[in-house]
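Please walk me through the salt bridges of this protein, beginning with what the term means and then taking the pairs in turn.

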Amino acid sequence: MAKKKYYAYKIGNEEGILETWDECKRIVSGKNNAKYKSFESKDQAERWLQMGADYSLKNTAVDDGIYFDAGTGSGMGVEVSVTDKNGKTLLKNGVNERGNFLIKGNVTNNFGELLACKLALEIALDKGCKNIFGDSKLILEYWSKGYLKKDIPEETRKLAEEVKQLRYTFEKSGGKMKYISGGSNPADLGFHQN
């Protein structure tokens with residue numbers, strides 16, 4: 001079954017959210033100043049409209065928290081991103097011009113996601129934040145809990161153990177680790193490769 005979508009539109013001062021593309025298309029077709037976009041939730045659609053229906057907005061996260069991601073598509077290696085809900089980087093040291101941390105060495109995107117999760121946990125514990133969001137189910141459901149296959153490299157195993165301990169402390173203090181789709185993740189780098 002296809003996921004339900006919401007279609008936000010803005011034409012001058014007129015705006016709205018509809019539940020089908022056909023309804024939206026009927027309203028925006030032929031209008032030069034029409035802006036429209038699909039979303040996975042009504043809250044995301046509302047936030048996009050509240051933020052001026054700006055196409056340059058990479059995301060529409062609605063929940064306060066810390067968001068993490070990793071990606072390899074820049075051609076430089078694996079980059080790690082940790083942001084707030086508005087996409088503002090929370091990383092302080094060793095960041096590149098995009099506000100991301102570039103991992104030195106030959107590592108996988110999944111290693112990058114795990115490192116991003118670790119950094120998000122450290123920041124959350126330091127700031128007292130109770131919500132962390134990521135778009136990697138592998139990291140959220142397995143690796144950050146210490147569940148790894150036997151053929152995983154030792155460097156990744158060590159990092160996973162550190163993350164497991166941090167996650168335990170974070171959740172014991174009332175923190176929650178949550179999944180968010182890549183399209184809604186403000187930390188999303190928009191490029192992935194395992």
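A salt bridge is counted here when a side-chain nitrogen of Lys or Arg lies within 4 Å of a carboxyl oxygen of Asp or Glu. The structure shown is a predicted model, and by this rule the count in it comes to six salt bridges.

One of these joins the side chains of E19 and K4, with a distance of 2.7 Å from N to O. Because E19 lies in the loop between β2 (14–18) and α1 (21–28), while K4 belongs to the segment before β1 (6–11), the pair ties together parts that are 15 residues apart in sequence. As for their surroundings, E19 is partly exposed, at a relative accessible area of 46%, and K4 also counts as partly exposed, at 44% relative accessibility.

Another salt bridge links K10 with E15, whose closest N and O atoms are 3.5 Å apart. Here K10 has a relative accessibility of 21% and counts as partly exposed; since buried means under 20% relative accessible area, that value falls outside the buried class. Its partner E15 is partly exposed as well, with a relative accessible area of 39%.

Further along the chain, E171 forms a salt bridge with R167, and the closest N and O atoms of that pair are 2.9 Å apart. Both residues lie in helix α5 (residues 154–172), where they are four residues apart, about one turn of the helix. In this pair E171 counts as partly exposed at 36% relative accessibility, whereas R167 is buried, with a relative accessible area of 7%. Elsewhere, salt bridges that share partners join K118, E122 and E162 into one network.

Technical notes: Residues numbered from 1 in each chain as written. Predicted model: local features only at pLDDT ≥ 70, side-chain atom pairs only at ≥ 80, totals over all residues. Heavy atoms only, no water. Helix = DSSP H or I, 4+ residues; strand = E, 2+ residues; numbered from the N terminus. Buried < 20%, exposed > 50% of the residue type's maximum accessible area, 1.4 Å probe, protein only.
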